[in-house]
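Student: Could you walk me through how the labels on a protein model get decided?
Tutor: Sure, let's take a look together.
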Amino acid sequence: MPRYEFTEGSSSKFWEITLEGTTLTKRWGRIGSDGQEKVEEFDSKAEAKKAYEAQIHEKERKGYTLAEGGEDDGGEATAESAVNPDLEAAILAKPDDVKGYLAYAEWLEGEGDPRAELIRLQHSALDAPAAKATAVHKQVAKYVETHSGELLGESLAEAVSDETLKLEWHLGFIREARLGQVDYDSTADIPELLGELLAHPSARFLSRLTVGMATFDGENEYHDVLEVLAKAKPAPPLRSLFIGDFEFPDETEISWTHVGNLQPLYKVYPQLRELRVRGGEIELGKIDLPELRSFTVETGGLPESAVKSIVKAKWPKLEALEVWFGQEEYGAGGGVKDLKPLLDAEGVPALRKLGLRNAEFTDELCAALPSAKVLAQLEELDLSMGTMGDGGAETLAQNARAFQHLKALDVSRNFLTEAGLKVVARVAPSVIRGNQREPYDPEEESRYAAVGE
């Protein structure tokens with residue numbers, strides 16, 4: 001148990017602390033006495049580790065020193081716990097102002113934190129000529145590699161080494177991160193690593209987060225990942241979040257992935273501007289994301305409840321919406337009637353790009369869209385991967401005037417014949433028509449959404 005002591009004037013005090021898993025045990029009192037003991041429990045190892053380091057740092061700031069023989073078994077540099085809430089608040093208030101980062105560098109230098117030099121290095125490249133900037137970037141890469149243990153801690157540094165975790169640094173802090181298991185031999189605990197990342201001072205200003213495969217062992221599930229994100233304290237100022245960055249069917253089938261409930265994230269990350277989700281068993285709940293510009297949900301079976309969440313959502317600044325509906329046998333529900341609020345342009349004043357993709361009711365959409373109020377405000381419309389036949393193409397062509405303002409109309413990967421392709425070509429100035437599919441049985445027109453399993 002690390003033992004710290006403070007002897008000055010009439011004061012003669014000791015303080016001890018031990019970290020075991022998620023349990024923090026402290027003992028303190030006058031030197032020579034048994035003192036008092038307190039045990040604290042945390043929800044995760046990452047939170048416990050952060051509290052352990054923060055409390056040691058606080059004692060050292062007050063003048064406590066590590067007693068002779070009282071080894072600190074935390075095993076990591078105290079620089080990792082160097083945090084200044086006031087300076088962080090200044091950066092969060094003006095994230096594009098480099099002055100805040102330079103002020104932080106000055107403070108970190110006094111704490112012996114290697115991020116001080118990293119901030120200065122990266123700052124020197126911001127307005128430098130291309131040749132100098134390239135040379136500085138090489139210096140930065142070498143510096144990060146050399147000081148990875150101090151900048152990240154042992155487990156995160158190891159995750160970077162084996163490419164489970166990929167990072168982009170900006171002015172001494174992690175700006176972008178992607179984490180996920182790399183192959184079938186991986187044993188990385190992605191939720192635990194995510195917890196450590198979010199709790200780490202270097203990730204305080206994390207802006208973009210991408211989560212790849214949570215596990216190759218059995219079903220790919222993100223429930224624990226979402227729970228870690230929802231419980232992050234303090235939560236980073238995420239602007240972009242992508243849950244489900246995997247290749248299907250190479251890494252796993254889209255229906256073998258279980259996303260879970262996203263609703264708890266909305267209050268924690270109100271600054272989100274981009275949200276993308278890929279997988280099955282998606283729950284969206286009551287969506288309230290006032291800053292969101294882009295929302296994409298890629299699935300082989302979007303439940304009716306999620307469709308209703310989308311059309312009732314509060315996102316006044318949303319510019320791009322892409323929805324994959326999927327196949328009924330994989331859980332898809334809802335149809336054109338459920339999309340009426342969206343087609344009536346309710347709650348989407350800024351929407352310019354709309355993708356109603358991978359649907360089993362594409363021909364019905366072709367019939368509804370010409371009179372849809374939302375069409376007039378769109379610049380791009382994507383009806384790809386669905387079940388459009390020549391009849392749907394003919395409906396669009398008969399109402400071509402309603403679509404002439406579009407910059408792009410995508411009808412690729414549907415079921416159009418050569419005749420249908422010729423008809424749809426004149427619906428909009430630019431029509432994407434490639435990679436048409438063929439029904440299982442042309443006589444029965446057995447058409448299906450492109451992605452189900």
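Tutor: What follows is a chat about a pocket and a sheet. This is a predicted model, where local features need pLDDT of at least 70, side-chain atom pairs count only at pLDDT 80 or more, and totals for chains, interfaces and linings use all residues. Residues are numbered from 1 along each chain as its sequence is written, and side-chain values use heavy atoms, with hydrogens and water left out.

Student: What makes a residue part of the lining of the second largest pocket?
Tutor: A pocket is an open set of points on a 1 Å grid over the protein atoms alone, where a 1.4 Å probe fits, with protein on both sides within 12 Å along at least five of seven lines; a lining residue has an atom within 4 Å of a point. Here 17 residues pass, and Pro95, Asp96, Tyr101, Phe205 and Ser207 lie nearest the centre. Strand 7 (173-179) is among the suppliers and gives the most, with 3 residues.

Student: Why are strand 17 and strand 18 called paired?
Tutor: Two strands (DSSP E runs of at least two residues) pair if DSSP finds at least two bridges between them. Strand 17 (380-382) and strand 18 (408-410) have 3 bridges, in the parallel sense, so they count as paired. One bridge joins leucine 381 to leucine 409.

Student: And what makes strand 6 and strand 19 edge strands?
Tutor: The 11 strands form an open sheet in the order 6-7-8-10-12-14-15-16-17-18-19, with mixed pairing. Strand 6 (165-170) and strand 19 (431-432) each pair on one side only.

Definitions and conventions
Helix = DSSP H or I, 4+ residues; strand = E, 2+ residues; numbered from the N terminus.
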